[in-house]
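Here are some exercises to work through with the model open beside you. Try each task before reading on to its solution.

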Amino acid sequence: MSSTSRTLSSTPSTAPHSVFSCAWCGRTASAVADDGTQRHHCPSCLQFQHLPDPDPTDGGSGDCRGRMSPIAVAVPRTGGWMVIHRCARCDGLTSSPTRADDNQLVLMRLAVRPLAQPPFPLEAFGDL
(Lines give C-alpha, C1' and ligand atoms only; values in the text may rest on other atoms or scores of the structure.)
Protein backbone atom coordinates (compact mmCIF):
# COMPACT_ATOMS: atom_id res chain seq x y z
CA MET A 1 0.00 0.00 0.00
CA SER A 2 1.49 3.35 -0.96
CA SER A 3 1.44 6.21 1.50
CA THR A 4 -0.81 8.24 -0.80
CA SER A 5 -3.62 5.70 -0.56
CA ARG A 6 -3.88 5.85 3.23
CA THR A 7 -6.87 7.53 4.78
CA LEU A 8 -7.49 9.13 8.11
CA SER A 9 -9.24 6.85 10.53
CA SER A 10 -11.25 9.81 11.68
CA THR A 11 -11.53 13.06 9.75
CA PRO A 12 -11.09 16.31 11.67
CA SER A 13 -14.39 17.95 12.52
CA THR A 14 -15.47 21.00 14.46
CA ALA A 15 -16.72 19.14 17.53
CA PRO A 16 -14.83 20.45 20.59
CA HIS A 17 -13.56 17.07 21.79
CA SER A 18 -13.18 15.22 18.50
CA VAL A 19 -9.83 13.68 17.67
CA PHE A 20 -8.26 12.20 14.57
CA SER A 21 -5.45 9.79 13.98
CA CYS A 22 -2.83 10.81 11.41
CA ALA A 23 -2.51 8.17 8.70
CA TRP A 24 1.17 8.99 8.16
CA CYS A 25 2.77 9.39 11.60
CA GLY A 26 0.10 7.67 13.68
CA ARG A 27 -0.27 10.46 16.22
CA THR A 28 -3.70 11.13 17.69
CA ALA A 29 -4.50 14.82 17.86
CA SER A 30 -7.44 17.06 18.61
CA ALA A 31 -9.29 18.27 15.52
CA VAL A 32 -9.64 21.65 17.23
CA ALA A 33 -6.53 23.68 18.08
CA ASP A 34 -5.96 25.29 21.48
CA ASP A 35 -7.29 28.61 20.20
CA GLY A 36 -10.62 27.01 19.22
CA THR A 37 -10.07 26.95 15.45
CA GLN A 38 -10.31 23.83 13.33
CA ARG A 39 -7.02 22.09 12.65
CA HIS A 40 -6.20 21.33 9.00
CA HIS A 41 -3.02 19.28 9.41
CA CYS A 42 -1.35 16.91 11.87
CA PRO A 43 0.58 18.90 14.50
CA SER A 44 3.39 16.35 14.51
CA CYS A 45 4.24 15.75 10.84
CA LEU A 46 2.19 18.65 9.33
CA GLN A 47 0.61 16.34 6.72
CA PHE A 48 -3.06 15.77 5.94
CA GLN A 49 -5.34 14.16 3.40
CA HIS A 50 -6.36 16.13 0.30
CA LEU A 51 -10.10 16.53 0.81
CA PRO A 52 -12.64 18.07 -1.59
CA ASP A 53 -12.36 21.84 -1.78
CA PRO A 54 -15.55 23.79 -1.08
CA ASP A 55 -14.47 26.31 -3.74
CA PRO A 56 -13.52 24.55 -7.01
CA THR A 57 -12.11 27.81 -8.43
CA ASP A 58 -9.25 27.53 -5.93
CA GLY A 59 -7.02 25.69 -8.38
CA GLY A 60 -7.94 22.03 -8.08
CA SER A 61 -10.72 19.67 -7.25
CA GLY A 62 -9.01 18.21 -4.19
CA ASP A 63 -11.00 15.00 -4.51
CA CYS A 64 -7.97 12.77 -5.08
CA ARG A 65 -7.52 12.13 -1.33
CA GLY A 66 -3.74 12.17 -1.79
CA ARG A 67 -1.17 13.00 0.87
CA MET A 68 -0.67 16.73 1.36
CA SER A 69 2.99 17.16 2.30
CA PRO A 70 4.42 20.37 3.76
CA ILE A 71 6.85 21.98 1.31
CA ALA A 72 7.36 25.52 2.65
CA VAL A 73 6.22 28.20 5.04
CA ALA A 74 4.98 31.64 4.12
CA VAL A 75 4.63 34.73 6.27
CA PRO A 76 1.92 37.02 4.90
CA ARG A 77 1.95 40.74 5.66
CA THR A 78 -0.84 40.16 8.17
CA GLY A 79 1.58 38.09 10.28
CA GLY A 80 1.37 34.50 11.40
CA TRP A 81 2.95 31.63 9.53
CA MET A 82 1.18 29.57 6.88
CA VAL A 83 2.24 26.05 5.92
CA ILE A 84 2.25 25.46 2.17
CA HIS A 85 1.28 21.91 1.18
CA ARG A 86 1.55 20.02 -2.12
CA CYS A 87 -0.55 16.98 -2.96
CA ALA A 88 1.54 13.90 -3.77
CA ARG A 89 -1.06 12.73 -6.33
CA CYS A 90 -2.38 15.78 -8.19
CA ASP A 91 0.33 18.39 -7.33
CA GLY A 92 -2.36 20.74 -6.01
CA LEU A 93 -1.18 23.46 -3.62
CA THR A 94 -2.89 24.74 -0.50
CA SER A 95 -2.01 26.60 2.67
CA SER A 96 -3.13 26.39 6.26
CA PRO A 97 -2.22 28.52 9.28
CA THR A 98 0.24 27.16 11.81
CA ARG A 99 -0.95 26.42 15.32
CA ALA A 100 0.84 26.86 18.64
CA ASP A 101 1.28 23.11 19.10
CA ASP A 102 2.69 22.40 15.62
CA ASN A 103 6.07 20.66 15.54
CA GLN A 104 8.54 23.56 15.74
CA LEU A 105 11.46 21.52 14.39
CA VAL A 106 9.56 20.61 11.21
CA LEU A 107 8.45 24.24 10.78
CA MET A 108 12.02 25.54 11.14
CA ARG A 109 13.35 22.93 8.69
CA LEU A 110 10.82 24.17 6.14
CA ALA A 111 11.74 27.80 6.83
CA VAL A 112 15.53 27.40 6.46
CA ARG A 113 15.50 24.99 3.51
CA PRO A 114 15.96 27.79 0.91
CA LEU A 115 19.02 29.05 2.82
CA ALA A 116 20.48 25.58 3.34
CA GLN A 117 19.96 24.58 -0.31
CA PRO A 118 20.11 27.78 -2.38
CA PRO A 119 19.56 27.57 -6.15
CA PHE A 120 22.89 29.34 -6.76
CA PRO A 121 26.31 29.43 -5.02
CA LEU A 122 26.34 31.77 -2.03
CA GLU A 123 29.92 32.74 -2.90
CA ALA A 124 28.41 35.05 -5.53
CA PHE A 125 27.51 37.46 -2.72
CA GLY A 126 31.21 37.92 -1.92
CA ASP A 127 31.73 39.62 -5.28
CA LEU A 128 29.05 42.24 -4.71
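**Exercise 1. Work out how many helices and strands the protein has, and in what pattern they follow along the sequence.**

Solution. Start by counting: this predicted model has one helix and six strands. Next, read along the sequence, where the pattern is β-β-β-β-β-β-α. Then turn to the surface and the interior. The accessible surface is about 8000 Å², and 54% of that belongs to carbon and sulfur atoms. Of the 128 residues, 30% count as buried. Finally, take the contacts between residues at least 6 apart in sequence: 34% of these join residues at least 24 apart.

**Exercise 2. Find the order of the strands in the open sheet, and name its edge strands.**

Solution. Four strands take part, in the order β3-β4-β5-β6, and their pairing is antiparallel. To find the edges, look for strands that pair on one side only; these are β3 and β6. Now step to the β4 and β5 pair: the two run antiparallel and are joined by six bridges. As a landmark in β5, take His85, which stands opposite Pro70.

**Exercise 3. Identify the residues of the largest nonpolar core, and decide which element gives the most to it.**

Solution. The largest nonpolar core holds six residues, namely Leu46, Val73, Val83, Val106, Leu107 and Leu110. The element that gives the most is helix α1 (residues 104–116), with three residues. Now follow one member outwards. Leaving aside residues up to four places away in sequence, Leu110 touches Leu46, Pro70, Ile71, Ala72, Val73 and Val83. Pro70 appears here again, the residue that stands opposite His85. Another core, of five residues, lies apart from this one, and Cys22, Ala23, Trp24 and Cys45 are among its members.

**Exercise 4. Locate the salt bridges, and say which residues are linked in a network.**

Solution. A search of the whole structure gives two salt bridges.

- Step one: the side chains of Arg39 and Asp101 meet at 2.9 Å, N to O. The pair links distant parts of the chain, 62 residues apart: Arg39 is in the loop between β2 (28–30) and β3 (48–49), while Asp101 is in the loop between β6 (93–97) and α1.
- Step two: Asp102 also forms a salt bridge with Arg39, and here the closest N and O atoms are 3.8 Å apart. Asp102 sits in the loop between β6 and α1, 63 residues from Arg39.
- Step three: put the two together, and Arg39, Asp101 and Asp102 are linked in a network of salt bridges.

Which of these residues are buried, and which are partly exposed? Arg39 counts as buried because its relative accessible area is 2%. Asp102 is buried as well. Asp101 has a relative accessible area of 30%, so it is partly exposed.

**Exercise 5. Find the residues that make a nonpolar surface patch, and place Trp81 along the chain.**

Solution. The patch covers about 340 Å² and is made by Val75, Trp81, Met108 and Val112. To place Trp81, look in the loop between β4 (67–74) and β5 (82–87). Is Trp81 partly exposed or buried? The relative accessible area of Trp81 is 30%, so this residue is partly exposed.

Methods:
Residues are numbered from 1 along each chain as its sequence is written. This is a predicted model: local features need pLDDT of at least 70, side-chain atom pairs count only at pLDDT 80 or more; totals for chains, interfaces and linings use all residues. Side-chain values use heavy atoms; hydrogens and water are left out. Patches are made of residues with over 30% relative accessible area and no salt bridge: like charges are joined within 9 Å, nonpolar side chains (Val, Leu, Ile, Met, Phe, Trp, Tyr) within 5 Å. Accessible areas come from the Shrake-Rupley method with a 1.4 Å probe; for residues, only the protein chains shown count as cover. A salt bridge is a side-chain nitrogen of Lys or Arg within 4 Å of a carboxyl oxygen of Asp or Glu. Buried means under 20% relative accessible area, exposed over 50%, partly exposed in between (1.4 Å probe, protein chains only). Contact means heavy atoms within 4.5 Å. A nonpolar core is a set of buried Ala, Val, Leu, Ile, Met, Phe, Trp, Tyr and Cys residues joined through side-chain atoms within 4.5 Å. Two strands pair if DSSP finds at least two bridges between them.
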